[in-house]
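Here's a quick look at one helix and a couple of unusual backbone angles. Have the model open as you read.

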Amino acid sequence: MNTENKYFGTFQWFIYLLANSIALPIVIGNVFDLSATEISTLMQRTFFIVGLSSFIQGKFGHRSPIADGPAGSWVSIFVIFASIGTQQGFTMMETLQTLEAGLIVSGLFLILLGITKWVRHLLFLFSPIVTGTFLFILAIQLSGVFIKGMVSIDSNTGQMDGVSFLLAIFIFFFIIVLSLKSKGWLKNYAILLGILVGWSLFIIFGKGHRSISISAEWIKLPEIFPWGVPSLTGGVSVTAILFTFLLISNTFAAISAAEEAIPNNRGQFHDKLNRGTWIGGVSHLFSAIFSTIAVVPLPATAGFVRLTKQYRIVPFLFACGIMVVISMSPSIVGLLASLPLPVASAALLATLIEMLGIAIRSLTKQPLNDRNITMIGVSLLVGIGIMFLPEDIFNGLPSIIQNIGKNGLLVGTFLAIIFEQLWKQKN
């Protein structure tokens, strides 16, 4: 790889890490009624954790170019706990403190499973059908987040901003056409070009401004426990332990997808999973200490790698280092965070197509006989269907039931695991 391509590769990885880090902190900030300043500092801490976690995973963990990012699966837990906390009389900040404790519990459990290598004894749970179900439901869940991000509200009319939405749709299809029809560097840098073109169009049409609180400080280290000291409860402990199995499925899916997307990357899967699991636990502890959404290896990275042909680890590690350094400058964070949310969301939505393709290929690795079709159908229908239930339908039930019942990704994946273990295939 020549120097020019290495620089472009590093820049494109940096933009990808950045784009994955912007949307979900804004979602969480709005859910928990955080101020503009609090959202800005949350975004700064998120950038720091994303860069740090991605680097240590790429260098010491699974050692593959897989971006870590705020977990869409954890966002669902945050949203559910915000609702439950309000019902139980907790303030938003008290709820966030219990979630910090949940991240610590989950992180310690992941470290234990990875260091002792017990995680390999759980591999039998993650058949192609389970992995495919997880990736399929995750893609559907994230598509909802990204499409909502593509829809912005006009501050003057209070209605949907049609121009912004049409521009976002244009960016989405621009990236797809560029990745399918173009060749060479145009194909490899489709996402980067899509984001740059989209950002330019938003500025030209007067839609590029976003109100972000920018600090006057040149350098600012991330705060420790800005949400307060973690507060452990029984409900969050049980939820975190159950959710850890879903996180293992996430890491398994991310490494499997990367092996499929990156040429000559197969081999030593158990070692990659062990290292990736305990490093993921360390990342969860960092996420709790610096009060952010937990970051996880993103299975959608495989879609980005397929689109861009960014197979090398060195540009990826450089981009992670830049992300860490940039996060310590509040002014630069404020500038980068002005990337319009519809642009970032449209670009990320385009990467889900490849992720969905990996899910479908995983689901169809085994013959589609009556058993497998029934398992896949029930798991997907129930898991996805739960996403459309009214938010208050589980009100009044024990908190642990609410935590599980409201999470379609958790329910769908566990259904696939249970079916796979109880309904054995006849030889």
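What follows covers a helix and then two loop residues.

This is a predicted model, where local features need pLDDT of at least 70, side-chain atom pairs count only at pLDDT 80 or more, and totals for chains, interfaces and linings use all residues. Residues are numbered from 1 along each chain as its sequence is written, and side-chain values use heavy atoms, with hydrogens and water left out.

Let's start with helix 9, residues 234-261. Helices here are DSSP runs of H or I with at least four residues, strands are E runs of at least two, and both are numbered from the N terminus. With 28 residues at 1.5 Å a residue, helix 9 should span 40 Å, and its end C-alpha atoms are indeed 40 Å apart. (The expected span is 1.5 Å times one less than the number of residues.) There's still a kink of about 25° in helix 9, centred on T244; the bend is the angle between axes fitted to the seven residues ending there and the seven starting there.

Helix 9 is largely enclosed by the rest of the structure, because 21 of its 28 residues are buried. Buried means under 20% relative accessible area, exposed over 50%, and partly exposed in between, using a 1.4 Å probe and protein chains only. At the N-terminal end, T233 caps helix 9, with a side-chain oxygen 3.4 Å from the backbone nitrogen of V236.

Now for the backbone angles. Most residues other than glycine have a negative phi. R63 and F225 have positive values:

| Residue | Phi | Loop | Relative accessible area |
|---|---|---|---|
| R63 | near 60° | between helix 2 (36-60) and strand 1 (68-70) | 48%, partly exposed |
| F225 | near 50° | between helix 8 (190-204) and helix 9 | 29%, partly exposed |

Notes
A polar contact is a pair of N or O atoms within 3.5 Å; within protein, one must be able to donate a hydrogen and the other to accept it, and residues adjacent in sequence count only if both atoms are side-chain atoms.
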